[in-house]
Amino acid sequence: MSNTWGKNLHLTIFGESHGAGVGMVLEGLPAGLCLDEAFLAAQLKRRRAGRPGTTQRKETDEFRWLGGVRDGYTIGTPVCAFFPNQDVRSADYAFDFWRPSHADYTNEIKYHGQGDSRGGGQASGRMTAPLVLAGALCALALREHYDIQAASHIERLGSYTEPRFSMQPERDCLAALAASELPCLLPEGPEAVRRVIAEAQEAQDSVGGLAETILVGIPAGWGDPFFQSVESRLAQLLFSVPGVKGVSFGAGFSLAEMKGSQANDCFVWKDGRVQTRTNHSGGLQGGITNGMPLVFETVMKPTPSIGKSQKTLGRDGTEVERTIRGRHDACILLRAIPALEACAWLALYDAWKGRNEHA
């Protein structure tokens with residue numbers, strides 16, 4: 001079982017949803033990095049429950065440093081943080097059946113019945129707490145050298161849709177989105193999102209969503225062709241976030257409808273540097289950043305734990321109809337957004353550390 005990611009940076013995620021806790025070990029940060037506790041806390045708060053449509057499980061996301069940190073600074077050794085689990089109800093997961101679209105069955109087969117599926121085990125959104133912390137640390141490290149800014153918005157959630165980011169969004173707009181509980185570009189967005197989620201909850205159901213993420217201020221030249229492209233690094237991280245089922249960059253799947261004359265990003269000299277007239281490639285060409293905003297979309301499936309009765313198989317192989325107990329999000333996209341941005345910070349930091357490597 002591999003819980004470690006990275007080429008120039010190494011991130012290990014450990015723990016389970018209903019175990020003693022979850023945590024991370026991050027190797028590759030420089031010594032002397034100032035740990036902005038307010039920034040770290042703000043990122044973790046963004047993924048915490050408490051908004052309409054989120055789980056009633058109450059985890060404060062308080063953590064303690066176990067290594068790599070002294071007096072508010074990194075010391076150059078691997079940084080280790082641990083989040084104790086405080087609000088678990090393992091009895092809710094004493095199922096005699098395989099829950100539809102959960103990892104129960106695959107976990108049982110792979111680990112010969114010894115895996116931990118309580119609360120989803122390692123397939124739980126609880127695992128994104130240490131992921132968000134690791135991404136926030138990489139953001140602090142990169143921001144010591146570059147003025148990079150990240151933000152996301154809810155592009156689609158059930159029946160609600162809104163336009164995509166403009167090619168060069170205002171930084172004030174990005175800051176407002178990063179501070180919003182329901183980041184939407186349209187002023188009516190938050191209320192519409194609440195309504196869609198409330199309707200799903202009333203129907204004892206859940207709803208999926210699509211987030212668009214953008215990072216501005218990234219210099220050209222980060223990344224590598226082929227297996228270590230920025231897309232490869234980032235996609236692997238994004239697909240590790242529980243519930244992610246689709247990822248695209250730039251114009252994404254709409255490129256299938258375009259001709260080359262429409263999709264090509266032609267170069268121009270603007271504001272004293274090389275830019276492109278359009279950004280259909282999402283700031284990436286040949287796996288390497290080109291200096292334009294990095295743009296990607298991520299699809300989250302509806303939460304599989306719903307209140308409706310569903311047909312499935314019991315562990316004895318007989319068909320049964322069951323209702324799933326427990327505390328679950330009606331829309332996991334809301335709390336996943338900071339995890340998606342954390343993935344981007346991790347991928348960029350890994351690419352930045354290897355920027356001077358040549359074949």
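Helices and strands here are DSSP runs, numbered from the N terminus; a helix has at least four residues and a strand at least two. The exercises below use a predicted model.

**Exercise 1. Loops with an unusual backbone angle**

Task: State where Asp271 is found and whether Asp271 counts as buried or exposed.

Solution.
- Step 1: Strand β13 covers 267-270 and strand β14 covers 273-276; Asp271 is found in the loop between them.
- Step 2: The relative accessibility of Asp271 is 69%. The cut-off for exposed is over 50%, so Asp271 counts as exposed.
- Step 3: Asp271 is not a glycine, yet its phi is positive, at about 55 degrees.

Task: Carry out these steps for Asp71, giving its loop, its accessibility class and its phi.

Solution.
- Step 1: Asp71 lies in the loop between β5 (69-70) and β6 (73-74).
- Step 2: With 68% relative accessibility, Asp71 counts as exposed.
- Step 3: Asp71 has a positive phi of about 55 degrees and is not a glycine.

**Exercise 2. The chain as a whole**

Task: Give the number of helices and strands in the chain, the percentage of buried residues and the percentage of contacts that join residues at least 24 apart.

Solution.
- Step 1: The chain has eight helices and 19 strands.
- Step 2: Of its 359 residues, 51% are buried.
- Step 3: Take the contacts between residues at least 6 apart in sequence; 73% of these join residues at least 24 apart.

**Exercise 3. Two helices in contact**

Task: Describe how helix α1 and helix α8 pack, and name the residues that make the contact.

Solution.
- Step 1: Helix α1 spans residues 37-47 and helix α8 spans residues 333-353; their axes are 6 Å apart, at an angle of about 140 degrees.
- Step 2: Angles over 145 degrees would count as roughly antiparallel and 65 to 115 as roughly perpendicular. α1 and α8 are therefore oblique to each other.
- Step 3: From α1 the contact takes in Gln43, Arg46 and Arg47, and from α8 Leu334, Arg335, Ile337, Pro338 and Glu341.
- Step 4: By type, the contact residues are three nonpolar, one polar and four charged.

**Exercise 4. Nonpolar cores**

Task: Find which residues of the largest nonpolar core touch the most other members, and which element gives the largest share of this core.

Solution.
- Step 1: The core holds 76 residues; those touching the most other members are Met24, Leu26, Leu157, Val193, Leu215, Leu234 and Leu346.
- Step 2: α8 supplies the largest share, 15 residues.
- Step 3: For one of these residues, Leu215, leave aside neighbours within four places in sequence; its contacts are then Ile148, Gln149, Ala150, Pro293, Leu294, Phe296, Ala344, Trp345 and Leu348.
- Step 4: Another core lies apart from the largest one and has seven residues, including Phe165, Leu174, Leu177 and Ile214.

**Exercise 5. Aromatic pairs**

Task: Classify the pair of Tyr146 and Trp222 and the pair of Tyr349 and Trp352.

Solution.
- Step 1: The whole structure contains eight aromatic pairs.
- Step 2: The ring centres of Tyr146 and Trp222 are 5.1 Å apart and the planes make 75 degrees, an edge-to-face pair.
- Step 3: Tyr146 lies in the loop between α3 (128-143) and β8 (149-157), and Trp222 lies in strand β11 (residues 220-223), so this pair ties together parts 76 residues apart in sequence.
- Step 4: Tyr146 counts as partly exposed at 24% relative accessibility, whereas Trp222 is buried at 3%.
- Step 5: Tyr349 and Trp352 form a tilted pair, with 5.5 Å centre to centre and 40 degrees between the planes.
- Step 6: Tyr349 and Trp352 are three residues apart in helix α8, so about one helical turn separates them. Both are buried.
- Step 7: Tyr146, Trp222, Tyr349 and Trp352 form one aromatic cluster.

**Exercise 6. Two buried strand residues**

Task: List the contacts of Gly21 and of Ser248, leaving aside neighbours within four places in sequence.

Solution.
- Step 1: Gly21 is found in strand β3 (residues 21-27) and is buried, with a relative accessible area of 5%.
- Step 2: Gly21 is in contact with Phe14, Gly15, Glu16, Phe82, Phe83, Pro84 and Asn85, apart from those neighbours.
- Step 3: Gly21 and Phe82 are 61 residues apart along the chain, and 6.9 Å separates their C-alpha atoms.
- Step 4: Ser248 lies in strand β12 (residues 244-249) and counts as buried at 7% relative accessibility.
- Step 5: Apart from those neighbours, Ser248 is in contact with Phe253, Val295, Phe296 and Glu297.

Technical notes:
Residues are numbered from 1 along each chain as its sequence is written. This is a predicted model: local features need pLDDT of at least 70, side-chain atom pairs count only at pLDDT 80 or more; totals for chains, interfaces and linings use all residues. Side-chain values use heavy atoms; hydrogens and water are left out. Axes are lines fitted to C-alpha atoms, for helices over the stretch in contact, and angles run from 0 to 180 degrees between N-to-C directions. Angles under 35 degrees count as roughly parallel, over 145 as roughly antiparallel, 65 to 115 as roughly perpendicular and the rest as oblique. Contact means heavy atoms within 4.5 Å. Ala, Val, Leu, Ile, Met, Phe, Trp, Tyr, Cys and Pro count as nonpolar, Asp, Glu, Lys and Arg as charged, and the others, Gly among them, as polar. Buried means under 20% relative accessible area, exposed over 50%, partly exposed in between (1.4 Å probe, protein chains only). A nonpolar core is a set of buried Ala, Val, Leu, Ile, Met, Phe, Trp, Tyr and Cys residues joined through side-chain atoms within 4.5 Å. Rings of Phe, Tyr and Trp (its six-membered ring) pair if their centres lie within 6.5 Å; planes under 30 degrees apart count as stacked, over 60 as edge-to-face and the rest as tilted.
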